[in-house]
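Student: Could we go through this protein together, one question at a time, so that I learn how to reason from a structure?

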Amino acid sequence: MGQVTENYSVKQKIIQGTAKRVGSKKGGPLRLQRSLSSLEAWGFGLSGLLLWLGPAPAAHSALGAAALYVWLPGAIVGILLNLQVRRLGIHWPNIVGGTPNYAARLLKKYPLLASYGALGYWLGWVSVPPMNAIILSDLIKASLQPLGFPYPENFLKIVFTALPYIVAFSGTRALGILHLCFVVPAIGFLLAFCLQGTGWLAFSPVSPGFFPTSWPEFNFVEWAKWFFLAVYAVYGCETASSFVADSRRPRNTLNTLSFAAWLIVPVYVLGSWVLMRLATGSNLGENTFLNLVNASLPFWGKSASLLVTFLLAAGAWLSSATAVSNSPRVLYQLGLDGYLSPVFTAVSGRGVFGPALILGFAFSLICLVWGDVSHIVMVTGTGYLSGMIAIHLGLWLNGRHRHVLWPRFSLAFLSVEVVVLVVGGLAWGWQYLLLGLFLPVFIFAVNFAIKRSSFSWFKLQKWTDFYQVRSYGKIEDFVLVQVGILLFLLCSAVAIGWFIRGQIYNISWQVSIDLFVLLMMTIAFLGVAIACWTSLPQVMSIAEAQQASEHLFKIAIDAILVLDENGLICQANPAAEVLFKRPVNRLVGRLVGDFLPDLPALPGEWPSRSEQTLDESIQGLSIEVTISDRSHQLGCEYVAIFRDISERKQAEIDLRSALDRQEELTETALAQAEQLANMLTELQQTQTQLIQTEKMSSLGQLVAGVAHEINNPVNFIYGNLDYVSNYSHDLLHLIRLYQKYYTNPNAEINSCLEDIDLEFMIEDLPKIISSMKIGAERICQIVRTLRNFSRVDESAMKLVDLHEGIDSTLIILQSRIKAKADFPGIQVIKEYGNLPEVECYASQLNQVFMNVLNNAIDALKEKSDFYRTGYIPDNSDNNFTLTPALMPTIWIQTELINENWVQISIKDNGTGISDGAKARLFDPFFTTKPVGHGTGLGLSISYQIVAQKHGGVLRCISQLGEGSEFQIEIPISQKGI
């Protein structure tokens with residue numbers, strides 16, 4: 001039993017998973033499954049004919065023969081409506097709810113009118129269960145009164161109203177099967193009443209005659225008044241359209257509409273004719289039971305009471321069952337189309353429309369509280385007639401479409417129905433007409449409140465989760481519950497029968513048999529209601545699980561064999577035909593060992609999972625075999641699953657080979673990646689060097705060009721200074737001679753001598769010429785320095801005086817070294833040793849000196865800024881002095897290390913360098929300067945020039961806060977490098 005429960009749970013999960021996949025999206029509505037059979041859909045479609053039993057006797061009692069004026073045109077409209085709805089169903093096979101929702105589609109340009117008509121139709125049907133509950137209660141009351149039984153009338157009305165909803169909450173199929181059991185005999189007896197009565201009137205010698213002796217006059221107001229109610233019945237034969245979307249065979253369900261259309265004439269016309277001619281008693285009134293019994297006595301005799309009781313009971317129960325089935329579908333489709341709140345689209349996998357059923361049941365209880373069938377019919381009939389007006393209006397407005405058959409007829413019917421709504425409604429009472437017209441608006445208000453409410457059960461997601469999580473009918477001990485229910489029903493039936501036996505012993509057989517029919521119908525619905533909430537969900541779950549397992553068995557990709565204890569094949573799925581290359585009929589009855597020679601003969605001795613090779617006659621395929629056993633009353637059987645793994649085996653071989661190749665390729669790729677990384681590093685270094693070299697080359701060319709341009713005029717000036725000195729000396733000597741021999745010059749000369757201050761000029765002119773000569777010599781020296789720094793004409797290695805390169809670099813950097821208003825200047829202390837000329841690339845080595853000295857100057861300026869901002873008040877001027885110990889200083893020292901190497905040391909007392917920065921000091925693009933103040937290339941280029949170009953060493957010795965020292969060591973000659 002435990003294994004059965006476990007298997008059931010697995011299958012239930014499969015079924016629930018299928019239901020989830022039907023939904024359009026997460027949290028969205030579940031689409032209805034096509035679960036109804038053709039017979040079940042036909043049963044719902046034919047129950048509308050039983051609606052004639054309600055208004056026909058009342059109309060006959062009020063109008064007499066004139067009632068035919070109501071039923072004849074009503075039958076014509078009903079027939080055409082059924083045929084038209086059938087065409088709409090063909091056009092929209094997936095629309096749930098049928099006629100009112102077709103009307104909503106036809107009137108989609110007028111959404112308020114479309115939803116108003118559909119809700120009016122819904123109100124007409126949702127009022128059917130309370131009306132039938134009142135009718136059934138009255139019938140039982142009439143049967144029990146002769147027995148003197150106490151009669152709980154209100155309690156029974158509530159029970160009779162609730163029973164169809166209770167069954168509906170268990171799923172559509174349960175209600176459909178129950179409906180089908182009674183609708184066939186009910187329709188059969190109804191047709192028998194109509195056809196047998198018509199035949200008796202036509203051919204019986206004791207018949208009062210087929211035609212009446214006189215016809216009453218036509219009264220339009222009375223006609224409109226009763227046509228208002230007749231619409232409720234004669235238009236109600238199109239209910240099969242509500243179930244097209246969840247029918248397994250939609251076309252067969254739509255054919256019900258054609259069949260019901262041709263039954264309208266024998267039921268509504270001939271049945272009314274029989275009532276007109278045979279229900280002639282003066283004391284019958286509007287009593288449905290008495291009118292039908294009186295009319296059927298001539299041809300049914302003593303069975304009339306029994307058959308009429310069955311007809312009325314069946315008509316009440318079946319129309320209620322139809323009402324609770326099609327009315328929720330109307331709200332469901334309105335929710336899908338956006339006319340109502342999405343919560344009404346909530347539906348379970350078994351077709352339970354929870355929110356729609358709850359709203360319908362609430363409205364049914366409201367109608368039940370009213371308690372008057374005639375008033376309920378008048379009020380809700382207004383809404384139903386509004387729904388019919390909407391369908392005919394939509395047909396007329398869409399007359400050009402192929403799915404509309406008779407648009408002009410629809411316009412005519414629309415006109416008549418509008419007149420009937422006004423005239424007939426006012427004839428019944430203007431207050432009922434207004435109330436009926438207001439009810440759809442009330443439903444709009446309820447829907448608005450549901451949309452605005454934050455209550456979780458008013459949200460679609462809550463119902464979706466509820467239906468997906470809920471396990472229908474999951475009872476631990478299924479057999480115990482079934483037996484308990486059966487014993488309860490049997491004992492209750494015996495006890496009730498024994499109790500009322502004595503009470504009905506003295507009454508007539510006819511009364512007891514009528515009561516029996518009523519009790520039978522009521523107990524049938526009650527029993528099904530109990531079963532729906534106890535045993536029936538288990539039965540349905542087992543059936544669904546069986547269908548799911550059979551479906552999985554058939555569609556499984558793997559071959560599945562069911563074996564007996566001896567290894568005999570009992571069942572095989574289609575995939576087994578492909579694997580074993582034999583049809584199923586040639587597999588069943590054979591031993592599985594014929595195909596698997598390496599396995600033991602008995603399945604019980606097989607390992608739970610193994611890899612085997614099929615018989616060579618089946619190409620020796622490699623397969624994976626999985627086996628499990630299951631016990632039942634007849635013994636033990638085994639389920640073996642065979643999976644062809646030949647491709648997988650080959651794939652494993654190919655994969656292993658591919659992995660080997662991949663390892664080889666990986667090693668090759670790693671080697672190439674390493675080579676590419678080295679090449680990339682060299683490329684980056686070369687690129688940075690090229691950039692810096694290009695910059696220095698441009699700077700050298702600029703410096704050389706400036707030096708050249710300055711050199712020519714300076715040489716011109718410097719070369720003529722000697723002549724100017726000689727000429728000025730001669731002129732001054734000449735002036736002295738004039739003064740000696742011409743002691744008395746005229747007044748004009750004396751005045752000029754005073755103006756030019758001849759004595760001062762004689763004294764200052766030699767000094768000026770001497771100063772000019774010194775300046776020209778200085779300019780020439782600077783030009784030589786610039787040319788020496790640029791070394792434009794020296795691209796190859798040459799013997800160079802390193803001191804000249806250092807001095808040239810210092811002259812270039814003189815503007816950064818000298819004092820300024822906010823900077824005290826840098827003192828440069830040179831300690832040159834006795835160095836020989838060194839073989840090197842002069843311009844590149846000058847670049848190294850430039851980079852190192854620039855970094856030293858930056859460090860000293862940074863430290864100077866720190867002291868300045870730290871020691872100078874904000875209100876002081878920018879002039880300040882530092883102690884000698886704090887004075888920014890650069891020491892340049894050169895020395896001969898040995899006969900082959902020289903060392904240049906450049907030291908500063910700046911900020912120093914941290915250990916972390918020193919580790920990356922010579923990396924390309926590494927810099928400790930702020931963004932925009934350094935490229936991080938200077939020291940990297942310098943390192944490459946010293947180490948790679950000259951085979952030397954560049955090192956940094958520094959501590960944070962104590963300055964830095966860069967030591968450059970290069971060989972004197974490059975021949976030994």
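Student: In which helix is the place of L731, and is L731 buried or exposed?

Tutor: Keep in mind from the start that we are looking at a predicted model. The place of L731 is in helix 24, whose residues are 646–741. The relative accessible area of L731 is 52%, and because a residue counts as exposed when that value is over 50%, the word for L731 is exposed.

Student: What is the area of the nonpolar surface patch that L731 helps to make?

Tutor: L731 makes this patch together with L734, L737, Y738, Y741 and Y742. The area of the nonpolar surface patch made by these residues is about 690 Å².

Student: Which residues gather in a patch of negative charge on the surface, and is E667 buried or exposed?

Tutor: The place of E667 is also in helix 24, and E667 has a relative accessibility of 58%, so it counts as exposed. The residues that gather in the patch of negative charge are D660, E663, E664 and E667.

Student: How are the rings of F44 and F243 arranged?

Tutor: A search of the whole structure finds 26 aromatic pairs. For F44 and F243, the ring centres are 4.4 Å apart and the planes stand at 10°, and because planes under 30 degrees apart count as stacked, the pair is stacked.

Student: How many residues apart are F44 and F243, and are they buried or exposed?

Tutor: F44 lies in helix 2, while F243 lies in the loop between helix 10 and helix 11, so the pair links distant parts of the chain. F44 has a relative accessible area of 0% and is buried, and F243, at 0% relative accessibility, counts as buried too. Along the chain, F44 and F243 are 199 residues apart.

Student: What word describes the pair formed by the rings of W71 and Y268?

Tutor: W71 is in helix 4 and Y268 is in helix 11, with their positions 197 residues apart in the chain, and both W71 and Y268 are buried. Their ring centres are 5.8 Å apart and their planes are at 45°, so the word for the pair is tilted.

Student: How many salt bridges does a search of the whole structure find, and what is the N to O distance between R329 and D246?

Tutor: Side chains of opposite charge can pair when their charged atoms come close. The search finds five salt bridges. One of them joins R329 in helix 13 to D246 in the loop between helix 10 and helix 11, where R329 counts as buried at 1% relative accessibility and D246 counts as buried at 2%. The N to O distance between R329 and D246 is 2.4 Å.

Student: Where does D337 lie, and which residue forms a salt bridge with D337?

Tutor: D337 lies in the loop between helix 13 and helix 14, and its partner lies in helix 5, 232 residues apart from it. D337 is partly exposed, with a relative accessible area of 26%, and the partner also counts as partly exposed, at 29%. The closest N and O atoms of the pair are 3.1 Å apart, and the residue that forms the salt bridge with D337 is R105.

Student: How many residues apart in sequence are E969 and R955?

Tutor: E969 and R955 form a salt bridge whose closest N and O atoms are 2.8 Å apart. E969 is buried, with a relative accessible area of 14%, whereas R955, at 30%, counts as partly exposed. E969 lies in strand 12 and R955 in strand 11, so the salt bridge ties together parts whose separation in sequence is 14 residues.

Technical notes: Residues are numbered from 1 along each chain as its sequence is written. This is a predicted model: local features need pLDDT of at least 70, side-chain atom pairs count only at pLDDT 80 or more; totals for chains, interfaces and linings use all residues. Side-chain values use heavy atoms; hydrogens and water are left out. Patches are made of residues with over 30% relative accessible area and no salt bridge: like charges are joined within 9 Å, nonpolar side chains (Val, Leu, Ile, Met, Phe, Trp, Tyr) within 5 Å. Accessible areas come from the Shrake-Rupley method with a 1.4 Å probe; for residues, only the protein chains shown count as cover. A salt bridge is a side-chain nitrogen of Lys or Arg within 4 Å of a carboxyl oxygen of Asp or Glu. Lys and Arg count as positive and Asp and Glu as negative; His and the chain ends are not counted. The place of a charge is taken as NZ of Lys, CZ of Arg, CG of Asp or CD of Glu. Helices (H or I, at least four residues) and strands (E, at least two) are DSSP runs, numbered from the N terminus. Buried means under 20% relative accessible area, exposed over 50%, partly exposed in between (1.4 Å probe, protein chains only). Rings of Phe, Tyr and Trp (its six-membered ring) pair if their centres lie within 6.5 Å; planes under 30 degrees apart count as stacked, over 60 as edge-to-face and the rest as tilted.
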